[in-house]
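Some labels attached to a structure rest on cut-offs, and it helps to see each label set against its value. The questions that follow do this in turn.

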Amino acid sequence: MSVARMLEHDWFPRSLPANVRIGSHSWCYSSFSCLHYRSRRPCGVRIGHHSGIYHGTFFDLGPDGEVEIGAYCTLVGAIITTNARVVIEDYAFLAHEVVLADSDAATPFPAQSPPKSRDGAGAPRTVIRIGENSWIGARVVLLAGADIGKSAIVGAAAVVDFVVPPFAVVAGNPARLVGWTHR
Amino acid sequence: MSARINRDEVKAITGGWDYASLPRNIRIGADCYLERKESFKRFRSTREPGLILGHGVKVYTWTEFNIEPGGQIVVGDDSILVGAVFMCADRIGIGRRVIVSYNVTIADSDFHPRDPELRKQDAIANAPRGDRSRRPALITRPVVIEDDVWIGIGAILLKGVRVGRGARIGAGSVVTRDVPAGATVAGNPARLMGRRTGPS
């Protein structure tokens, strides 16, 4: 009983999946973002109000994948690939070519052979969290275990799979603490 | 391997929404999946063939086969190319069951000279409407990725590198030297993190 929803500005000839919810005053560049979307969760992608999902962003979600994005977030081309839960809190900014993934060698979830699903099972566990008002630099890779604290900054091209405290600045590969956003 | 691919076959292997004629000088095995024709936007190989995909190779949206006229890429059976940007002037060989994740770059040349005077000459030859024939010769060294290698998100592999069977390249690695079979490397420049023994 889902109603096909085409984004009115869309060039890609598909509707958004029925279990993708976009809040008021938010923008998604295209249903192309769901090219590899396989989520069968009640809500696979939830986007809050006043958030921008811009060109090049992808939701490569497996059947148990869930993404929750808060309000006033900006994603300018992040690729999110997971079969678990990813949370992006309010005011977060994710720069170009960022990848959020369950593992180093992540691949999309292909349509031809969908992985086994635990439909109706409990909510998937959160593998990546990006805290409120944090800034994820260009080319950053966040792997399972990445938990970015409130108002933290992850420097360009850093690789993070650990807890970054609130207000911390981390950078490098492997990433390490290089400073604080306030004192 | 099929000799030539007709339009219907291309439609079948590309998921039907972005199909187009593929370059003539490529060979594609059975059960391959090519998500976008964009992958061939900078395919300039004149070799016969310039690209060989084995059976069951999956090529996703972000992959680019940027091959110079003299270049050739060979990909073994059942490999998955998610977001590999191949910069090939000579030869890049990918084994079987290799996984190449998002935002990866694999190059068999630096594509520009190191010498300052030659770089200036290169810049002039490459300018809009410049004379490309005056570009200094490229220095190339083939890249070899052996069977069962995993290349992590955002890794960069440079010319002359051989990655041994079953090795793991961590996310964001910059690989400038050979990686032994079964090794795990990470970082910039990539360093040895560990090594597994036995079959992968």
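Q: Leaving aside its neighbours within four places in sequence, which residues is Asp104(A) in contact with?
A: In this predicted model, where two residues are in contact if their C-beta atoms, placed from the backbone, lie within 7 Å, Asp104(A) is in contact with Leu143(A) and, in chain B, with Ser101(B), Trp150(B), Gly152(B), Ile153(B), Gly170(B) and Ala171(B). Residues are numbered from 1 along each chain as its sequence is written, and chains are lettered from A and ligands numbered from 1 in the order in which they are written. Because the model is predicted, local features need pLDDT of at least 70 and side-chain atom pairs count only at pLDDT 80 or more, whereas totals for chains, interfaces and linings use all residues.

Q: Why does Asp104(A) count as buried or exposed?
A: A residue is buried if 20 or more other C-beta atoms lie within 10 Å of its own, exposed if 12 or fewer, and partly exposed in between, with C-beta atoms placed from the backbone. Asp104(A) has 26 C-beta neighbours inside 10 Å, and therefore counts as buried, although its place is in the loop between E11 and strand E12 (126-130) of chain A; strands (E, at least two residues) and helices (H or I, at least four) are DSSP runs numbered from the N terminus.

Q: Why is His25(A) called buried or exposed, and which label does Arg139(A) receive?
A: His25(A) has 12 other C-beta atoms within 10 Å, so it is exposed, while Arg139(A) has 20 and is therefore buried. His25(A) is found in the loop between strand E1 (20-22) and strand E2 (27-28) of chain A, and its phi is near 60°, a positive value in a residue other than glycine. Phi of Arg139(A) is likewise positive, near 65°, and this residue sits in the loop between strand E13 (135-136) and E14 of chain A.

Q: What makes E8(B) largely enclosed by the rest of the structure?
A: Four of the five residues of E8(B) are buried, so the strand is largely enclosed.

Q: How do you know that E8(B) pairs with strand E5 (residues 64-67) of chain B?
A: Two strands pair if DSSP finds at least two bridges between them, and four bridges join E5 of chain B to E8(B), running parallel, with Phe65(B) standing opposite Phe86(B). Four bridges also join E8(B) to strand E11 (residues 104-107) of chain B, again parallel, and there Val104(B) is the bridge partner of Ala84(B).

Q: Which residues of the largest nonpolar core touch the most other members?
A: A nonpolar core is a set of buried Ala, Val, Leu, Ile, Met, Phe, Trp, Tyr and Cys residues joined through C-beta atoms within 7 Å; of the 105 residues in the largest one, Leu100(A), Val154(A), Val160(A), Val100(B), Ile151(B) and Ile169(B) touch the most other members. The largest share of this core, four residues, comes from strand E8 (residues 84-88) of chain B.

Q: How many residues does the contact take from chain A and from chain B?
A: The contact takes 19 residues from chain A and 21 residues from chain B. On the side of chain A that touches chain B, strand E11 (99-101) and strand E14 (141-143) of chain A each supply at least two residues.
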